[in-house]
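Reader: I would like to go through this model with you. Could we begin with the two protein chains and then move on to the DNA?

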Protein chains: 2
Amino acid sequence: MPSAPRTRRKEDARARILEEARRIVLENGFEALTMRRIAEAAGYSAAALYLHFENRDAIARELGESGMQGLLAALTEAAAAEDPVERLRALALAYVGFARIEPETYRLIFMEPGFAASALGGKDEAGAAAFQLLAGAFEALGNAGRLRPGQDLGGLALTFWILLHGTVSLKLTCSAFLSPPEEDLLATALDSLLNGILAPEPTGLNLPER
Amino acid sequence: MPSAPRTRRKEDARARILEEARRIVLENGFEALTMRRIAEAAGYSAAALYLHFENRDAIARELGESGMQGLLAALTEAAAAEDPVERLRALALAYVGFARIEPETYRLIFMEPGFAASALGGKDEAGAAAFQLLAGAFEALGNAGRLRPGQDLGGLALTFWILLHGTVSLKLTCSAFLSPPEEDLLATALDSLLNGILAPEPTGLNLPER
DNA sequence: GAGTGCTCCTGAACAGCGTTCATTGAATAT
DNA sequence: ATATTCAATGAACGCTGTTCAGGAGCACTC
């Protein structure tokens, strides 16, 4: 049975390793995340990392999970907007903004093979909560009567996410081919989507067209 | 100046190397594409590969370029549909279908850092031609008067591509979280998009609603 | 206080990775 | 028949993730 100060030191070591790992990913990209590099930065030998983590993937997974919590925090802040349409735009901006500030984290979470499968499909609550924020905006949209009838709310939320992720990931890998900034790309796409799903606004006038 | 049979044998070797490399990616994934594995499969030593290719990235790039030509071929076939809306749906199905058959190739082209940047931004004509097929469908849509006025054709094509790539790449990395097949995901998203950008159809009847 | 565990950590090692280089062997050119 | 060119190799270097025997140092017990 380990004593209190012992476990505390061990937890400190764990935290320091993760901290250095996060810094390396942020500064030098995900592929620079090397066991020996992490160890040196944290003041350990490479073998010591295996006393605190199962392997490199476990470290990466932990980074991804805390990254997902960061995304969730950004989306939560944006979801405070009351007007549902405004909320959607705020969510979109927050999503894109997160990916812009931490592109390597976004890549780790959503574009690295193997991670998202286990994180989102598994017990990761942050991911599910983040998606619920998106879905909630559409629910609010429906409750406010702003949606055309007969639309699947879950499908709309998925479409929204597809739009967000498509914009971000395409910009991330094909930035040379995509000249407009991601905010503009997404604004255009979102306009078309909203135009297709929102009920025609009551203008107060009677049928101005047709 | 090398003799004719010499250059022929050398070209054969190059082709055989690429062939084996492609097989390895298809069967065992992109990360299994190892110089030593390719060499063994092609009957060479690892060092011999460097007589035919600059490095591993050059082999991957070549695979990506021929993969892009495959995608272009699939899209070209789909673009034969005359009705612009049908063409859009056919293009979407062809895009998703390509990614389903060759997910590792798709990942190599559009999700691997470094490749798409050089391929699409550089002199790769297949990529540009593929995008032109998407843009052409919207041009046809505009020429047929099926689009609501005041919409940027290039922006619509980009939105369409974002939708396609978002669907495919999300399904590729988060398949555990996304239960519906990519065709359904895309159909929902495409319906919303079309609903937003298409001009209201003249039904022959007069204002059936409102 | 001496001895005994237990925990944390290290250096060395293994297999595999991409890549380079001196050397060989065979086919071509003279 | 000799000289030249060129494809191909084996060994090596530095890197990667990971494992393991061994060694310190702390916390207990007697």
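Reader: What turn and shift lay chain A on chain B?

Author: In this predicted model, a turn of 180° with a shift of 0.0 Å along the axis lays chain A on chain B, and the RMSD is 0.1 Å. That is the relation of a two-fold axis.

Reader: And what share of the interface residues of chain A are also interface residues in chain B?

Author: The share is 100%, so the copies meet through the same surface.

Reader: On to the DNA. Which residues come nearest to strand D?

Author: There are 20 residues around DNA strand D, and the nearest are A:R36, A:Y50, A:R56, B:S45 and B:A47.

Reader: Which polar atoms of chain A lie by a phosphate oxygen there?

Author: A:Y50 places a polar side-chain atom 2.9 Å from a phosphate oxygen of DNA strand D. For A:T34, a polar side-chain atom is 3.3 Å from a phosphate oxygen of that strand. With A:M35 the atom is a backbone N or O, at 3.1 Å from a phosphate oxygen of DNA strand D.

Reader: Which elements give two or more residues to that surface?

Author: They are α2 (35-42) of chain A and α1 (4-28) of chain B. The largest share, three residues, comes from α2(A).

Reader: How do the residues divide by class, and how much of the strand's contacting part is sugar or phosphate?

Author: The surface near DNA strand D has eight nonpolar, five polar and seven charged residues. Sugar or phosphate makes up 55% of the atoms of DNA strand D within 4 Å of the protein, and the rest belong to bases.

Reader: Now strand C. Which residues come nearest there?

Author: Of the 21 residues around DNA strand C, the nearest are A:S45, B:M35, B:R36, B:Y50 and B:R56. Of the atoms of this strand that come within 4 Å of the protein, 61% are accounted for by sugar and phosphate.

Reader: Which part of DNA strand C does the side chain of A:R36 approach, a base or a phosphate?

Author: A polar side-chain atom of A:R36 is 3.4 Å from a base nitrogen of DNA strand C. A:H52, by contrast, has a side-chain N or O atom 3.0 Å from a phosphate oxygen of the strand. From chain B, T34 brings a polar side-chain atom to 3.2 Å from a phosphate oxygen of DNA strand C.

Reader: Which elements give two or more residues here?

Author: For DNA strand C they are α1 (4-28) of chain A and α2 (35-42) of chain B. The most comes from α2(B), with three residues. By class, this surface has eight nonpolar, six polar and seven charged residues.

Reader: Changing topic: what is the volume of the second largest pocket, and which residues are closest to its centre?

Author: Its volume is about 1,100 Å³. The pocket is lined by 33 residues, of which A:E112, A:P113, B:F30, B:E112 and B:P113 are closest to the centre.

Reader: Which elements give two or more residues to the lining?

Author: Chain A gives α3 (56-78), α5 (103-110) and α6 (115-121), and chain B gives α3 (56-78), α5 (103-111) and α6 (115-121).

Reader: What is the lining like by class?

Author: It has twelve nonpolar, seven polar and 14 charged residues.

How values were computed:
Residues numbered from 1 in each chain as written. Chains lettered and ligands numbered in written order. Predicted model: local features only at pLDDT ≥ 70, side-chain atom pairs only at ≥ 80, totals over all residues. Heavy atoms only, no water. Near = heavy atom within 4 Å. Polar contact = N/O pair within 3.5 Å; in protein donor to acceptor, adjacent residues only side chain to side chain. Helix = DSSP H or I, 4+ residues; strand = E, 2+ residues; numbered from the N terminus. Nonpolar A, V, L, I, M, F, W, Y, C, P; charged D, E, K, R; others polar. Least-squares fit on C-alpha atoms with pLDDT ≥ 70 in both. Contact = heavy atoms within 4.5 Å. 1 Å grid on protein atoms, 1.4 Å probe; cavity = no way out; pocket = protein on both sides within 12 Å on 5 of 7 lines; lining within 4 Å. Points joined across faces, edges and corners; volume = space filled by probe spheres on them.
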